Amino acid sequence: MIVAANSENIARAAELVLGGEVVAFPTETVYGLGANAFDATAIDKIYQIKGRPANNPLIVHLPSVSEIHLVADLEANPTIVERLALLESFWPGPLTVILPKLQVIPDIVTAGRASVAVRIPSHPIAQALLQRAAVPIAAPSANRSSYISATSANHVAKDFGDNVALILDGGDSPIGIESTVISIIEAVPIIYRHGYVTKSELEHALGMAIDELAQGSGVALPSPGMLAQHYSPNTPLKLIESVDFGSLPNRVALIQITPSSLTKTQHLFSEIRVLSAAGNLNEAARRLYSTLRELDCGGFDLIVVEGKLDNQLGRALKDRLTRAQLPIG
Ligand code: TXA
Ligand code: MG
């Protein structure tokens, strides 16, 4: 059920969390599907509701850095403590940091890993819920596993209906794309997922070069969220750099990240959407998932996304769209 995110309903959501239920709430990136991170039975419900593979760990959300010691083992880890301090300026905000896990966090939260992903969201409703519940809330994105993430309460309701006890409506997520995931455990920190915070911002803050996970890298995937198939609409999707082909299927929708000339190819598309007429990638990110979800219900044979996405936030968009274009297994 979708409810207004007033203080009464936030209190109700917090009580549901403490009672072992799953609730959906807005964050600045995308909506989350949350449960008490200390309650293994409640966490199991998240995996069931999402249809999430058991090997894909969840992010634990906290209201502030002062709660990190409740979930992460920072003792005897001076390098990690030092790096963490350098990353604090991104919090509250769209950054997730992988840290050594404390025993109290049930294995199901981290899919059996010795590490835990920690994020401090800035969204006022997420903050209010975390403070009211006063327990860490483990929350993946509030979408069916491998489908497009949810950036509004309606997206969540469409995916889960009454399977979620309560959906706090906080309007559209202001960023619209997931947090950046970085591990600072290894000798060289690694970006596990590109997101709103860019690699160069992280390198600047840490004062060192960082690695990134090779795309589609083999079996022992350190971060299963990097699985090739993800964020996929049901309609086949193709990401291209420029619209210069001769023929296409019957009903094709075109998403342009930013506007480009279509003089020769306009007639090939039944529908054209421009994510940011002003050429602003932040605006494009904010509108990407809702546009994909909408067009996915439009009965198209193909969705073509056009964009040159190599820098900064473009990396995160390209990462999502590259995974979205593979067929769902
Ligand atoms: O913006 C976000 O991060 C949103 C909001 C709700 O906070 N959450 C989100 O969660 O995107 P989810 O579950 O859709 O993605 C979590 C990512 C996955 O790629 C997962 O594999 C990775 O984080 N992850 C979580 N814990 C990990 C761990 N211990 N080691 C490696 N990767 C981890
Ligand atoms: Mg997700």
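1. Overall size. For a chain of 329 residues, a compact globule would have a radius of gyration near 20 Å, and the chain has 20 Å, so the two agree. The model discussed here is predicted. Taken along the principal axes, the box filled by the C-alpha atoms is roughly 60 × 45 × 35 Å.

2. Secondary structure. The chain holds eight helices and 15 strands. Two open sheets are described below: one has 11 strands, and another has four.

3. The sheet of 11 strands. Reading across this open sheet, the order is β1-β8-β2-β3-β7-β4-β6-β5-β9-β10-β11. The pairing in it is mixed. At the edges stand β1 (2-4) and β11 (211-212). Each of these has a single partner strand, so one side of each is left without a neighbour in the sheet.

4. One pair within that sheet. Strand β4, residues 59-61, pairs with strand β6, residues 115-119. The sense is parallel, and three bridges are found between the two strands. To find the pair in the structure, look for Ile59, which stands opposite Ala117 in β6.

5. Two backbone details in loops. The peptide bond joining Trp91 and Pro92 is cis, with omega at about -10 degrees. Pro92 belongs to the loop between α3 (78-87) and β5 (95-100). The other detail is at Ala111, which is not a glycine but has a positive phi of about 50 degrees. Ala111 is placed in the loop between β5 and β6. A reader checking the backbone can inspect both loops, the one with Pro92 and the one with Ala111.

6. The sheet of four strands. Here the order is β12-β15-β13-β14, the sheet is open, and the pairing is parallel. The edge strands, β12 (237-240) and β14 (271-274), each pair on one side only. From one strand to the next, the twist averages 20 degrees.

7. The β12 and β15 pair. β12 and β15 (residues 302-306) run parallel and are joined by four bridges. Which residue of β15 is the bridge partner of Leu239? The partner is Val305.

8. Helices on the four-stranded sheet. Helix α7, residues 281-296, lies across β12, β13 (252-256), β14 and β15. Its direction is at about 170 degrees to that of β14. Helix α8, residues 313-324, lies across β12 and β15. The angle between α8 and β12 is about 140 degrees.

9. The second largest pocket. Rolling a probe the size of a water molecule over the atoms shows where empty space is left. In this model, the second largest pocket contains about 160 Å³ of space. Its lining consists of Arg144, Tyr147, Asn154, His155, Lys158, Asp159, Asn234, Ser290, Arg293, Glu294 and Cys297.

10. Where the lining comes from. Which helices each supply at least two residues of the lining of the second largest pocket? They are α5 (153-160) and α7. The largest share, four residues, comes from α5. Helix α7 also lies across the strands of the four-stranded sheet, β12, β13, β14 and β15.

11. Character of the lining. By class, five residues lining the second largest pocket are charged, four are polar and two are nonpolar. Among the residues of the lining are Arg144, Lys158, Asp159, Arg293 and Glu294.

Technical notes. Residues are numbered from 1 along each chain as its sequence is written. Chains are lettered from A and ligands numbered from 1 in the order in which they are written. This is a predicted model: local features need pLDDT of at least 70, side-chain atom pairs count only at pLDDT 80 or more; totals for chains, interfaces and linings use all residues. Side-chain values use heavy atoms; hydrogens and water are left out. Two strands pair if DSSP finds at least two bridges between them. Axes are lines fitted to C-alpha atoms, for helices over the stretch in contact, and angles run from 0 to 180 degrees between N-to-C directions. Contact means heavy atoms within 4.5 Å. On a 1 Å grid over the protein atoms alone, a cavity is a set of points where a 1.4 Å probe fits but cannot get out, and a pocket is an open set with protein on both sides within 12 Å along at least five of seven lines; lining residues have an atom within 4 Å of a point. Grid points are joined across faces, edges and corners, and a volume is the space filled by probe spheres set on the points. Ala, Val, Leu, Ile, Met, Phe, Trp, Tyr, Cys and Pro count as nonpolar, Asp, Glu, Lys and Arg as charged, and the others, Gly among them, as polar. The radius of gyration is taken over C-alpha atoms; the globule rule is 2.2 Å times the number of residues to the power 0.38.
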